[in-house]
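Me: I am a first-year student, and I want to know where the labels come from. Please set each value against its cut-off.

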Amino acid sequence: MKEMEKYYVQINFDDTGKFGDKFINEFNSDDKKKKIVYINPKVPIEKFVRHEELSKMEKLILMMQMVDKELVKEIAGDDNDLKKVADVICKNLEQNPIVKEIVKKLEHDISKAEENVRE
């Protein structure tokens, strides 16, 4: 039986826009078996604030940055996969005080972004 070749994807989160303003920026590596992906978590936040339509992946990344359970569930909407993720996120929000502090910081950043959009 022929053995399948192994390929690797390195995923990085970068909200600085250093690698472009797109949500997902992909780059080839020097190693032909490796692809490098940069996800900009700021993009879905900005789209959410502007009430723009979000892709499923953007919703997922956005949900992971929220602390408000109702907002997490609202973002998940009727999508069964996202509802399952929302349940896990909400459960962990209840259990992990460090996560709560991190998410409070993110919520603060989101409210600042909303203020900037209004201006």
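Me: What makes the pairing of the side chains of Q10 and K34 a polar contact?

Reply: The distance given for these two side chains is 2.9 Å. A polar contact is a pair of N or O atoms within 3.5 Å; within protein, one atom must be able to donate a hydrogen and the other to accept it, and residues adjacent in sequence count only if both atoms are side-chain atoms. The value of 2.9 Å is within that limit, so the name applies. The side chain of Q10 also makes a polar contact with the side chain of N12, at 3.3 Å.

Two notes on the source. This is a predicted model, where local features need pLDDT of at least 70 and side-chain atom pairs count only at pLDDT 80 or more, while totals for chains, interfaces and linings use all residues. Residues are numbered from 1 along each chain as its sequence is written, and side-chain values use heavy atoms, with hydrogens and water left out.

Me: Where does Q10 lie, and why is it called partly exposed?

Reply: Q10 is in strand β1, residues 8-13. Strands are DSSP runs of E with at least two residues, helices are runs of H or I with at least four, and both are numbered from the N terminus. The relative accessible area of Q10 is 30%. Buried means under 20%, exposed means over 50%, and partly exposed is in between (1.4 Å probe, protein chains only). The 30% of Q10 falls in between, so it is partly exposed.

Me: Which residues does Q10 contact, leaving aside its neighbours within four places in sequence?

Reply: They are K34, K35, I36 and V37, where contact means heavy atoms within 4.5 Å. The C-alpha atoms of Q10 and K35 are 6.3 Å apart, although 25 residues separate the two along the chain.

Me: Why does N25 count as buried?

Reply: Its relative accessibility is 8%, which is under the limit for buried, so the label follows. N25 belongs to strand β2, residues 24-28. The N25 side chain reaches the backbone oxygen of F19 at 3.3 Å and the backbone oxygen of K22 at 3.3 Å. Not counting residues up to four places away in sequence, N25 touches F19, G20, I36, V37 and Y38.

Me: How many helices and strands does the protein chain have?

Reply: There are five helices and three strands. From the N terminus on, the order is β-β-β-α-α-α-α-α.

Me: What makes α1 and α2 roughly perpendicular?

Reply: The axes of α1 (residues 42-49) and α2 come within 9 Å and cross at roughly 95°. Axes are lines fitted to C-alpha atoms, for helices over the stretch in contact, and angles run from 0 to 180 degrees between N-to-C directions. Angles under 35 degrees count as roughly parallel, over 145 as roughly antiparallel, 65 to 115 as roughly perpendicular, and the rest as oblique. The crossing of α1 and α2 therefore counts as roughly perpendicular.

Me: How do α2 and α3 cross?

Reply: The axes of α2 (residues 56-63) and α3 (residues 69-76) come within 10 Å and cross at roughly 175°. That angle makes α2 roughly antiparallel to α3. K59, L62 and M63 in α2 meet V72, I75 and A76 in α3. By class, the residues of this contact are five nonpolar, no polar and one charged. Ala, Val, Leu, Ile, Met, Phe, Trp, Tyr, Cys and Pro count as nonpolar, Asp, Glu, Lys and Arg as charged, and the others, Gly among them, as polar.

Me: How do you know that the buried residues of α3 line one face?

Reply: The buried residues of α3 are V72, I75 and A76. Seen down the axis of α3, they fall within an arc of 105°, so they line one face of the helix. The arc is that of the directions from the helix axis to the C-beta atoms. An α-helix has 3.6 residues a turn, so residues three or four places apart point the same way. The face of α3 turned away from the buried side carries the exposed residues E70 and E74.

Me: Why is H51 called exposed?

Reply: Its relative accessible area is 74%, which is over the limit for exposed, so H51 earns the label. H51 is in the loop between α1 and α2. Its phi is near 60°, a positive value in a residue other than glycine. Most residues other than glycine have a negative phi.
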